[in-house]
Amino acid sequence: MRIAMIGTGYVGLVSGVCFSDFGHEVVCVDTSEEKIARLRGGAVPIFEPGLEALMARNVEAGRLSFTTDLAAAVAGAEAVFIAVGTPTRRGDGHADLRFVEAAARAVAGALTGYAVVVTKSTVPVGTNRRVAAWMREAAPGAAFDVASNPEFLREGAAIDDFMRPDRVVVGVESERAAGVMQAIYRPLYLRDFPVMVTDLESAEMIKYAANAFLAAKITFVNEIAALCERAGADIKQVSRGIGLDGRIGNKFLHAGPGYGGSCFPKDTSALARIGQEHGVPMRITETVMAVNEATKHRMVEKLRDLLDGSFNGRAVAVLGVTFKPNTDDMRDAPSLTVVPALVGGGASVRVVDPQGRREGEALLPGATWHEDPYEAAAEADLVVILTEWNEFRALDLARIARAMRTPRLADLRNVYSPRDAEAAGFERAAFVGRKGIGEA
C-alpha cells in the first residue's frame with residue numbers, strides 16, 4: 001500500500017520505517033528542510049536502538065523516502081497518518097492540537113482520491129471527529145474516512161514494540177476504513193498479534209487510560225517505597241511480593257525518582273483536563289501527577305541529607321540524566337528537578353550520560369559533562385545514579401569509593417544493594433524504599 005506519514009518525530013519516524021519494513025511504500029513528510037536533508041543522508045535525528053539500520057535497509061529497497069512536499073506525498077496515498085506533536089498547552093494542561101489541525105487541513109487539500117486519514121498522535125477524546133470537520137471545511141469534495149490508531153511504543157524498545165505489539169488499536173466508523181487498516185496491519189494479523197477494532201472515541205480513550213494506569217502503578221510503588229523507608233521494609237521484596245499476583249503483574253513496579261518522558265506527564269495532564277471538561281474529575285490521575293512531582297523533590301532532600309544538609313561547595317557526580325535508558329529524551333526527566341537543585345544549592349555537578357548530552361547541555365546549565373563515570377567521581381562528595389543505563393549496572397564500586405573525597409552514594413534506581421555499597425567502602429549510601437548505609 002502507499003502510505004504518507006505526516007511528521008517525522010519519534011512516533012512518525014518509527015512508524016514510517018516499520019510500515020516500510022512491512023512492505024508498504026511509505027513517504028515521510030516534515031516541514032523542516034534540515035531534518036529531511038539529514039534523513040535523506042541516512043542520519044537519524046533521535047536515538048533509538050536499531051532504527052538507523054532498519055531505515056537504511058528500507059531506503060535502499062526503495063520502499064521509504066522523505067520529503068517536505070506534503071501534496072506530492074499525499075497524492076495517490078491509500079492511507080495518510082498524522083503523527084505530529086500534541087504538546088501540553090500552556091495554562092490549561094490540555095493537548096495542543098494546532099499541529100494536528102494544520103496537518104488535517106493540508107491533507108484534505110492534497111487528496112487526489114479516497115484515503116483513510118489516520119490520527120497517530122495522542123489526542124483528546126473527540127479529536128478525530130474534529131479532524132473530519134476540519135477536512136470537510138478545507139475541502140468539501142474530498143473523499144476520506146478518519147481513523148484513530150494510537151501508538152504504544154516504549155522509547156528504547158520501539159521497533160520491537162511495533163513489530164511484536166501487545167495489541168493494535170484501530171478506531172473507525174466504516175467497513176471500508178476498517179478494511180484499509182486491516183490491510184496495513186496484515187503482517188501482524190497473520191502472526192496472531194491482536195488487532196482490535198473499536199469506535200473512534202474508545203480508541204482515543206484507550207491510549208489515555210493505558211498511560212494513566214501505568215503512571216499510577218509507578219507512582220503507587222514510589223509512595224509505598226517512601227513508607228518502606230520509614231517502616232523498615234524493603235521495596236524490592238514488597239514489589240516482588242505484590243507483582244507475583246497475576247491480577248497486579250510485575251511490570252512498572254520498580255521504585256525510583258519518578259516518571260518522566262514524552263508520554264506519561266503529557267497524557268496524565270490531558271486526561272485530567274478531559275475529565276474536567278466533561279464534569280468527571282479524574283481524581284486518581286490528578287493525585288498521581290501531584291505525587292510524582294513530590295517524589296522528584298523527595299529525591300532532592302534525600303541527596304541533601306547525604307551531604308549533611310547543604311549542597312554548597314560539594315562535588316556531585318550524576319550518572320544518567322535522560323528519563324530512562326536507551327533514549328536521548330530529556331522531557332520531564334527527574335534530572336530536570338534534581339540537577340538544577342544541586343547547582344542552585346552551590347554544588348559542582350558532573351554529568352555522565354551515554355546519550356543525554358545533545359539535549360542536556362542546554363537544559364542543565366551549570367553542569368559539566370564527562371564521558372567516564374570514574375573520572376566524574378574522582379574527588380567527588382557524592383555519586384548519584386539517576387538513570388539505570390547498562391553502563392552503570394556493573395561499575396567497580398570500590399574503585400569509585402576510593403577515588404571520592406567522601407564516599408557517599410545515592411542509588412535512586414536500586415541498581416545495587418546496600419550490601420554491595422557497604423562492601424565497596426561507601427561510608428553512607430541511600431536507596432529508594434530500602435534501608436541505606438549510615439542511617440539511623
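Is Asn-326 buried, partly exposed or exposed? At 32% relative accessibility, Asn-326 counts as partly exposed. Please keep in mind that this is a predicted model. With that said, let us look at the whole chain and then come back to some individual residues.

## The chain as a whole

The protein chain contains 18 helices and 14 strands. Along the principal axes, its C-alpha atoms fill a box of roughly 75 × 50 × 45 Å. For 440 residues, a compact globule would have a radius of gyration near 22 Å, and the 24 Å of the protein chain agrees with that.

Of the 440 residues in the protein chain, 54% are buried. The accessible surface amounts to about 18,900 Å², and carbon and sulfur atoms hold 51% of this area. If you take the contacts between residues at least 6 apart in sequence, 72% of them join residues at least 24 apart.

## Two helices

Helix 1 covers residues 10–21, which makes 12 residues. From its first C-alpha to its last it reaches 17 Å, close to the 16 Å expected at 1.5 Å a residue. Helix 1 is largely enclosed by the rest of the structure, because 11 of its 12 residues are buried. Among them are Tyr-10, Leu-13, Val-17, Cys-18 and Phe-19. Just after helix 1 comes Gly-23, with a positive phi of about 110 degrees.

Helix 5 runs over residues 98–110 and has 13 residues. Its span between the first and last C-alpha is 19 Å, close to the expected 18 Å. Which residues of helix 5 are buried? They are Val-100, Ala-103, Ala-104, Val-107, Ala-108 and Ala-110. These buried residues cover an arc of only 165 degrees around the axis, so they sit on the same side of helix 5. The face turned away from that buried side carries the exposed residues Arg-98 and Gly-109.

What covers the buried residues of helix 5? The cover includes three strands, namely strand 1 (2–6), strand 4 (79–82) and strand 5 (115–119), along with helix 4 (70–74) and helix 6 (127–138).

## Residues inside the fold

Asn-58 has its place in helix 3, which spans residues 51–60. With a relative accessible area of 0%, Asn-58 is buried. Leaving aside its neighbours within four places in sequence, Asn-58 is in contact with Val-17, Ser-20, Asp-21, Arg-63 and Leu-64. Two of these partners, Val-17 and Ser-20, are listed among the buried residues of helix 1. Asn-58 also lies 9.5 Å from Val-26, C-alpha to C-alpha, although 32 residues separate the two in sequence.

Lys-266 belongs to helix 12, residues 264–277. Is this lysine, Lys-266, buried or exposed? Lys-266 is buried, because its relative accessible area is 17% and the cut-off for buried is under 20%. Beyond its neighbours within four places in sequence, Lys-266 is in contact with Thr-86, Pro-87, Thr-88 and Thr-122.

## Cysteines

A disulfide is a covalent bond between the sulfur atoms of two cysteines. How many disulfides does the structure hold? The structure holds zero. Cys-28 is in no disulfide, and the nearest cysteine sulfur, that of Cys-18, is 11 Å away. Cys-28 is also buried, with a relative accessible area of 0%. Why is Cys-263 without a bond to Cys-18? The sulfur of Cys-263 is 16 Å from the closest cysteine sulfur, which is in Cys-18, and this is too far for a bond.

## Positive phi outside glycine

Finally, we return to the residue from the opening, Asn-326, and take Glu-379 alongside.

| Residue | Phi | Loop |
|---|---|---|
| Asn-326 | about 65 degrees | between strand 9 (315–319) and helix 14 (335–344) |
| Glu-379 | near 60 degrees | between helix 16 (373–377) and strand 12 (382–385) |

Asn-326 has its positive phi although it is not a glycine, and Glu-379 likewise shows a positive value in a residue other than glycine. As for accessibility, Asn-326 is partly exposed at 32%, and Glu-379 counts as partly exposed at 47%.

Conventions. Residues are numbered from 1 along each chain as its sequence is written. This is a predicted model: local features need pLDDT of at least 70, side-chain atom pairs count only at pLDDT 80 or more; totals for chains, interfaces and linings use all residues. Side-chain values use heavy atoms; hydrogens and water are left out. Helices (H or I, at least four residues) and strands (E, at least two) are DSSP runs, numbered from the N terminus. Buried means under 20% relative accessible area, exposed over 50%, partly exposed in between (1.4 Å probe, protein chains only). Contact means heavy atoms within 4.5 Å. A disulfide is a pair of cysteine sulfur atoms within 2.5 Å. The expected span of a helix is 1.5 Å times one less than its number of residues. The arc is that of the directions from the helix axis to the C-beta atoms. The radius of gyration is taken over C-alpha atoms; the globule rule is 2.2 Å times the number of residues to the power 0.38. Accessible areas come from the Shrake-Rupley method with a 1.4 Å probe; for residues, only the protein chains shown count as cover.
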